Amino acid sequence: MDAEVSCLSHALQLHALILKTGGDHRHPHSLAFSHPGRSSATVNAVVRCYARSDRPREALLFFYFHLQRSGPTPDPFALALLLSSCARLRVAYEGRQLHALSLKRGFSSNRRVQNSLIHMYSACGSLDHAAQVFDRVPERDVVSWTSMINGAVEANRPLHALHLFDSMQRHGVEPNDATIVAVLRACAEAGALGLGRRVHEMAVRARLDSKAKVATSLIDMYTKCGCISSAERLFEKMPNRDLFAWTAMLFGLANHGRCEDALRLFYQMLEDGVRPNDRTITAVLSACRNAGKVAEGYRIYNYMHRYGLRPRIQHYGCMVDLLARAGHLDEAEGFLRRIPIEPDGIMWRTLIWASKLHGKFNHAERFMNEWKVLEKNSTKSENFVLIGNMYASIGKWEDKAKVRELMLARRINKVPGYSRIEVNGIIHEFEAGDSGHPEAKRIYEKINEMTENLRLEGFTPKASEVLLDMEDDEKILQLHHHSERLAVAFGLISTNPGEKILVIKNLRSCEDCHTAMKLISKVYDREITIRDRIRFHHFVNGSCSCKDYW
């Protein structure tokens with residue numbers, strides 16, 4: 001939440017001081033204050049000027065300072081613009097105040113205000129409040145539905161967003177380009193390739209696919225659903241590629257581990273006269289990180305100065321990750337200590353994880369002690385999970401137990417791992433050891449078959465990947481029931497021989513599952529693609545596209 005808006009009283013005092021001491025009368029609010037016959041039209045003009053500019057907070061300041069004290073009654077148009085400003089600033093408190101005002105002034109049934117309320121609550125992460133407003137709208141238009149779909153995507157509920165889109169279609173509401181973009185984002189996050197293709201066809205029929213935002217969203221959807229070749233074909237056909245399209249394609253190549261292609265595309269973009277922004281650099285650095293290209297990473301990092309870009313925390317994080325993952329732990333630590341900002345948890349977790357990966361347990365313990373996250377009021381579960389797993393990996397079970405006790409004391413719940421797979425247009429979600437699926441019996445029969453086939457191929461489970469204090473037999477059983485194995489087993493029994501299998505996983509793949517998937521792709525002659533939290537893994541005939549570097 002923006003401090004200037006959340007601390008509204010301080011902002012108003014500052015605003016009053018500016019006016020008292022003679023503010024700049026070139027600004028719209030100064031003109032409105034000096035206008036003797038202030039009308040709703042004047043007010044709307046000023047609010048609209050600020051709400052649609054890069055200064056939406058000024059619209060709220062103007063409204064609270066002036067209108068509520070001495071100005072005319074705000075009309076629905078002004079309220080809608082102000083709610084839009086709250087949405088852009090992600091300030092739910094001020095939005096609720098405006099909601100109360102709309103009820104008081106009898107504007108709550110106004111279509112523009114209703115849609116703006118849905119958009120505001122959705123953008124602020126208050127999806128339940130948005131749904132309450134949405135449910136009271138008698139005739140929902142495309143704006144109402146699109147705001148709800150967008151809100152669900154922003155709240156990391158892509159399956160709910162797709163359910164809303166299905167309901168929208170059943171109600172006979174035709175999507176516009178904003179709807180298409182929102183639904184493609186949901187498809188991308190859920191890994192719903194089948195639905196994404198149908199939305200693509202829908203966009204073509206409605207002649208929306210040529211719009212820049214739709215085309216870029218299609219590229220993003222195809223890359224995140226594992227079809228990088230489809231994304232490349234779309235990109236090549238785009239007559240006018242803007243920076244967003246270039247960046248989406250670069251992120252796609254990076255996430256699929258195609259560093260050389262990403263670098264070539266980046267330099268082509270520069271030759272075409274397109275200037276990179278922060279996200280573009282992040283995309284190319286990610287490509288270097290996923291391929292261990294240290295020299296190229298430094299080169300891209302230095303490009304920022306050439307284009308007047310100041311490194312941000314994500315760029316520092318990429319460099320630390322690149323160096324640490326490549327085994328340059330001392331260099332990564334030195335880089336982290338030289339950056340002009342305080343390192344965030346992601347950087348520390350990167351160093352600890354990489355230390356474990358390269359067997360530098362002394363480094364890992366030193367980083368854990370220096371980070372001191374256990375002594376702080378941290379509530380991020382991933383911090384505690386990493387430290388607990390680190391202790392478990394070196395057999396310090398008592399220390400791991402203390403971390404678990406601290407999590408319980410702070411009421412921190414571990415984020416559950418899950419894997420999703422789309423079959424016949426339906427998304428199926430699995431957790432480790434899941435037995436609630438209607439096809440659970442057949443799935444576990446397939447798991448047993450897969451386990452036996454892996455054994456015949458000479459596969460030995462890596463029990464050390466299970467960081468729990470239990471017997472090895474129990475650990476191996478847990479490995480066999482990891483969520484991605486259940487999803488792949490379901491894919492094998494539910495799709496035709498030779499059909500590709502795509503699984504979306506919310507956590508990083510473990511080494512045991514990665515090795516197993518290579519063999520499964522060979523034994524069953526299937527191309528298996530798994531998108532984990534870090535990148536894509538394409539398993540074909542016993543090998544992986546990541547070349548065992550992830």
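Which helices and strands each supply at least two residues of the lining of the second largest pocket? In this predicted model, they are α13 (193-205), α15 (228-237), β1 (418-423) and β3 (501-505). The points below take up that pocket, then an enclosed cavity, and finally one helix with its buried and exposed residues.

**The second largest pocket**
- The second largest pocket holds about 580 Å³ of space, and among the 28 residues that line this pocket, those closest to its centre are Leu193, Cys227, Lys500, Ile501 and Leu502.
- When the residues of this lining are sorted by class, 14 are polar, eight are nonpolar and six are charged.

**The largest cavity**
- A search of the whole structure for cavities of 30 Å³ or more finds one, and the volume of the largest cavity is about 50 Å³.
- Its lining is made up of Ile447, Met450, Thr451, Leu454, His480, Arg485 and Ile520, and helix α26 (residues 440-456) gives the largest share of that lining, with four residues.
- By class, the lining of the largest cavity contains four nonpolar residues, two polar residues and one charged residue.

**Helix α21**
- In helix α21 (residues 329-338), the buried residues are Leu329, Ala332, Glu333, Phe335 and Leu336.
- These buried residues lie on the same side of α21, because they cover an arc of only 160 degrees around the axis.
- The face of α21 that is turned away from this buried side carries the exposed residues Asp330 and Arg338.
- The buried residues of α21 are covered by elements including α19 (294-306), α20 (313-325), α22 (345-357) and α23 (361-371).

Terms used: Residues are numbered from 1 along each chain as its sequence is written. This is a predicted model: local features need pLDDT of at least 70, side-chain atom pairs count only at pLDDT 80 or more; totals for chains, interfaces and linings use all residues. Side-chain values use heavy atoms; hydrogens and water are left out. On a 1 Å grid over the protein atoms alone, a cavity is a set of points where a 1.4 Å probe fits but cannot get out, and a pocket is an open set with protein on both sides within 12 Å along at least five of seven lines; lining residues have an atom within 4 Å of a point. Grid points are joined across faces, edges and corners, and a volume is the space filled by probe spheres set on the points. Ala, Val, Leu, Ile, Met, Phe, Trp, Tyr, Cys and Pro count as nonpolar, Asp, Glu, Lys and Arg as charged, and the others, Gly among them, as polar. Buried means under 20% relative accessible area, exposed over 50%, partly exposed in between (1.4 Å probe, protein chains only). The arc is that of the directions from the helix axis to the C-beta atoms. Contact means heavy atoms within 4.5 Å.
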